[in-house]
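Let's walk through this one together, a question at a time. Have the viewer open and turn the molecule as you read.

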Amino acid sequence: MSSVRIVHEPADKVRDIYTWSKSAKAEVKKILAKYPKDQSRSAVIPLLHLAQREFDGWLPTKLMNLVAETLDMPYIRVYEVATFYTMFNLAPVGKYHVQVCTNCACMIRGSDKILEAVEKLTGAKAGESSADEMFTVSEVECLGACVNAPMMQVNDHYYTDLDAESAKEVLTALKEGKTPKVGSQVKEAS
Amino acid sequence: MADNMITLTIDGHEVQVEPGSTIMQAAKKLEVEIPHFCYHPRLSVAGNCRMCLVEVEGAPKPVASCAFPVSEGMNVKTQSQLAEQAHKNVMEMLLINHPLDCPICDQGGECDLQDIAVGYGSDRSRYGSCSKRSVEDKDIGPLVKTVMTRCIHCTRCVRFATEVAGVEEFGATFRGQDMKIGTYVEKALDSELSGNMIDLCPVGALTNKPFAFSARPWEMKTVNLIDVMDGMGTNIYADVRDEEVMRMRPRTNEEINEEWMTDTARFAVDGLTKNRLTAPLVREGKNLRQVSWQKAFDTLTEHLKGKRRDGIFALASSTLSAEDYYSFNMFMKESVGTDNVDARTDGSPIRGDVRASYVMNSGIAAVDNADAVLLVGCDLRRESPLLNARVRKNVLAKNIKVASIGALTNTTYDVKDLGRSPMDILDLIEDEKLFKKTFPKTKNLMVIMGAEATTRTDALKIMGAVRKLCQKYEMIRPDWNGYNLLSLKAGQVAALDFSVYPVAAGVEAKDVSKSVSEGLVKTLFIYGDVEIPAQELQDAEYIVYMGTHHSAYADIADVVLPTAAYTEKEALWVNTEGRVQAARKAVNPPMQAKEDWKIFRALSECLGKKLPFDTLSQLRLLIAKVNDAYLPENWGSFVVPAWDKFGLTTKPNKAEFEFSVPEYYLSNGYLRQSKVMQDCAAKAQDTNNKKVS
Ligand code: SF4
Ligand code: FES
Ligand code: FES
């Protein structure tokens, strides 16, 4: 992990206004229904996820404010939560957010090589985005897929049992607009 | 004492505490010291610094004493090898990232980290070659300086802002090594109590910005004072070096300010040394020329000779002490011989006949026993931030109800809006159902009237209505008096106690501007910064200004007499409860300035009508006769005044209440002289403008 997370909110990437779309509103309602009325604050994490998904994959301050207002809670309390969890992005991410696990199991199984390959292919170091804004690379801690280490997560999908070669293949496929196979990348013995 | 007390042993000593207490509280009772950073008796328990680890027999690991509840027969050791090792380890850990910058840190000499490191830390560290974390400083306004690299993440400041000040703007963002304390977005803290974070911060991360680098704690001597920026009578310390008050700090008084103070009380000290009047001045043509006291007195005596008394007027400010008002009033009414004397320059028609009508009868501490609070024309957050914090504390702890009839502004808790005009009080009196609905099962209701109500021309009618309300719903009982009038100004109660207003047919303060423009005011005495702007008074024929600063009133004066500021006199201050508190003199008045009562006494002799006292104690003997609260044995205590008839029974008028404290940071003469307060006002203005646009 990079040791200090510094937040830059590039002004040109922040929208003027953030409001929930009709469908998002319905989703908010559904989420809120799961919690007691006087404890709607508990919905802050699901709502932040929803917000991140709805708007460009990251959480500018203004968007966190929208979540705070929706839940009628002080802004700072939302900032605290959003900055605590690494799955919330505080700076813009590319179309594909590549999270390479470098925790113990993956590291023993060669995650350094994976990261190296990913960085080389995308031209972005961990914590950065590629020049074409296609990829953002992050180093993350254990994602709970140690049995199939080493692994990486790209947006919502896990790609496991990687080696440098297969990691590259996955990303190249994504880059070309194809849909690589999700899950284990072990080639079936032919 | 409850009979289900729990007995435990700490370091071999037995102690009994209530169930639910923590080991830390039990140790406090035994006066056993356990080092701590994050624990604070007035804040919630966070348990995050781990400095308070102790050994508990039978427990596998050291436990955090601030968060660990006691149990019967527990055996706690705070100085065992295990505990001492734990202290050393935690200290070593805290110091990994703490900078070694004590020589350039303002906290030096009063720093918990320094003290505890010396007392409990190890004399060496295993982290010699690590590079330290660094964190950028935050700009949270003109009062609190931040050096965030020094922060040890105790979160006291965050808890204070959230729990006491009621502004949830401070927080801990990010985590682990990257955790940062601050506002996340750049933002000045919007609180009237922000300075208390300086006292709470156990290290030098939050320090007093205006005081930065100006003195070390061991160079200053400490004097007990009473604050005069609002009507609370906050107990404070003045830290003095040579002949200068360097800073103010709160002094604990559970019945008044607990251990907090407002920013106005803390940060206006810079004004005490600037722009002061240091010698008597007499006008010569366009300029004021410095003269001796004798010359100034002669000039005045000469001027007053043969003047008709009904052309002489006098106004007094609202931040004066008991001695000041008493001697001034006597001087004007007896030595000079005019009845056109008034200290109610805010236009209030309240008179001093029944003490219960113009003080807080419940007392400040009674907020803790109240079931509900009704604000009447009171912007509590601005009129008394400390009382507001106390109400908020009870709103959080006991969920007490707060309702308001008045010009509602921003509050730090939920307030039920019962209307905007005095008519709504009458509704509440008539409509029992409404009252029951708003205050269900309320035994102790505190009605607090504020400046929005008391400065109106129909204040006496509003007071009458509130009195009726209290009586109708049985809030005036031997065990409870719910009628409270909150004074905005430090001198309000004393001035009314001594009838510093016309008692015969004199002209009231609210009509003085008119009299000036009609040319009726031949001689005008202005004592301190009054609430009437200087422009409205400048056309008086002859103006005598007695005050501390070269303010706009000095500019329009013909004779100027320099008086002593609140830090420069032994004085009795009367707070909004009518509690009389004695303050010591921190420094001498500058140069030739004199204590106020001495001036009146000397001048009265020149006029041939000597005031009947020569010393402060003689003056205080006279004052003690005014009412019991002034008896020396009652100083410092809250004397409940007798309940009596007061107020008018006619209907108040329909006009809505108007916002009472438009410029909080500049609301009296002392504040207006402070550069720091001017900055605060400008900043507040800025934020307001932003909010509007
Ligand atoms: S700034 Fe001071 S009070 Fe606040 S968390 Fe840091 S050390 Fe504690
Ligand atoms: S260590 Fe990589 S998934 Fe667990
Ligand atoms: S004082 Fe107990 S953990 Fe900080």
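## Buried and bridged

At 12% relative accessibility, B:E595 counts as buried. Please keep in mind that this is a predicted model.

Q: Which residue does B:E595 meet in a salt bridge, side chain to side chain?
A: B:E595 sits in the loop between β28 (580-583) and α19 (596-606) of chain B. Its partner is in the loop between β28 and α19 of chain B as well, 10 residues apart. The partner has 26% relative accessibility, so it counts as partly exposed. With 3.3 Å from N to O, the residue that B:E595 meets is B:K585.

Q: How many residues apart in sequence are the parts that B:R276 and B:E568 tie together?
A: The closest N and O atoms of this salt bridge are 2.7 Å apart. B:R276 lies in the loop between α6 (263-267) and β13 (281-284) of chain B, and B:E568 in the loop between β26 (559-562) and β27 (571-574) of chain B, so the pair joins parts of the chain that are 292 residues apart.

Q: Are B:R276 and B:E568 buried or exposed?
A: The cut-off for buried is under 20% relative accessible area. B:R276 has 12% relative accessibility, and B:E568 has a relative accessible area of 4%. B:R276 therefore counts as buried, and B:E568 is likewise buried.

Q: Which residue of chain A forms a salt bridge with A:D56?
A: A:D56 follows α2(A) and has a positive phi, near 60°. The pair links A:D56, in the loop between α2 and α3 of chain A, to a residue in the segment before α1 of chain A, 41 residues apart. A:D56 is partly exposed because its relative accessibility is 37%, and the partner, at 34%, is partly exposed too. The side chains meet at 2.8 Å, N to O, and the partner is A:R15.

Q: How many salt bridges does the structure hold over all chains?
A: Some of them form a network, which links B:D342, B:R344, B:R351, B:E508, B:K510 and B:D511. Over all chains, the number of salt bridges is 57.

Q: Which side chains meet in a salt bridge between chain B and chain A?
A: In this interface, 16 residues of chain B are in contact with 17 residues of chain A. The count of salt bridges between the two chains is one. At 2.5 Å, N to O, the side chains that meet are those of B:E168 and A:R77.

Q: Which residues of chain B lose the most area to chain A?
A: About 1400 Å² is buried between the two chains, and carbon and sulfur atoms give 55% of that area. On the chain B side, three residues together account for 46% of what is buried there. They are B:F174, B:R175 and B:Y184.

Q: Which elements of chain B do the buried residues of α4(A) pack against?
A: Helix α4 (residues 75-84) of chain A has eight of its 10 residues buried, A:R77 and A:Y79 among them. Within chain A, these buried residues pack against α2 (44-54) and α3 (61-71). In chain B, they pack against α4 (156-165), β7 (171-173) and β8 (180-182).

Q: Which helix gives the largest share of the largest nonpolar core?
A: In soluble globular proteins, nonpolar side chains tend to be buried together. Here the largest nonpolar core has 209 residues, and B:M248, B:F328, B:L374, B:F525 and B:L561 touch the most other members. The largest share, eight residues, comes from chain B's helix α8 (residues 322-336).

Q: Where is B:S384 found, and is it buried or exposed?
A: B:S384 is in the loop between α9 (380-383) and α10 (385-398) of chain B. Beyond its neighbours within four places in sequence, B:S384 is in contact with B:D230, B:M232 and B:L486. Its relative accessibility is 1%, so B:S384 counts as buried.

Q: Which residues are the closest to ligand 1?
A: The shell around ligand 1 divides into 11 nonpolar residues, two polar and one charged. Of the 14 residues that surround the ligand, the closest are B:C151, B:C154, B:T155, B:C157 and B:C201.

Key: Residues are numbered from 1 along each chain as its sequence is written. Chains are lettered from A and ligands numbered from 1 in the order in which they are written. This is a predicted model: local features need pLDDT of at least 70, side-chain atom pairs count only at pLDDT 80 or more; totals for chains, interfaces and linings use all residues. Side-chain values use heavy atoms; hydrogens and water are left out. A residue is near a molecule or strand if one of its heavy atoms lies within 4 Å of it. Ala, Val, Leu, Ile, Met, Phe, Trp, Tyr, Cys and Pro count as nonpolar, Asp, Glu, Lys and Arg as charged, and the others, Gly among them, as polar. Buried means under 20% relative accessible area, exposed over 50%, partly exposed in between (1.4 Å probe, protein chains only). Helices (H or I, at least four residues) and strands (E, at least two) are DSSP runs, numbered from the N terminus. Contact means heavy atoms within 4.5 Å. A nonpolar core is a set of buried Ala, Val, Leu, Ile, Met, Phe, Trp, Tyr and Cys residues joined through side-chain atoms within 4.5 Å. Buried area is the accessible area (1.4 Å probe) that two parts lose on being put together, summed over both. A salt bridge is a side-chain nitrogen of Lys or Arg within 4 Å of a carboxyl oxygen of Asp or Glu.
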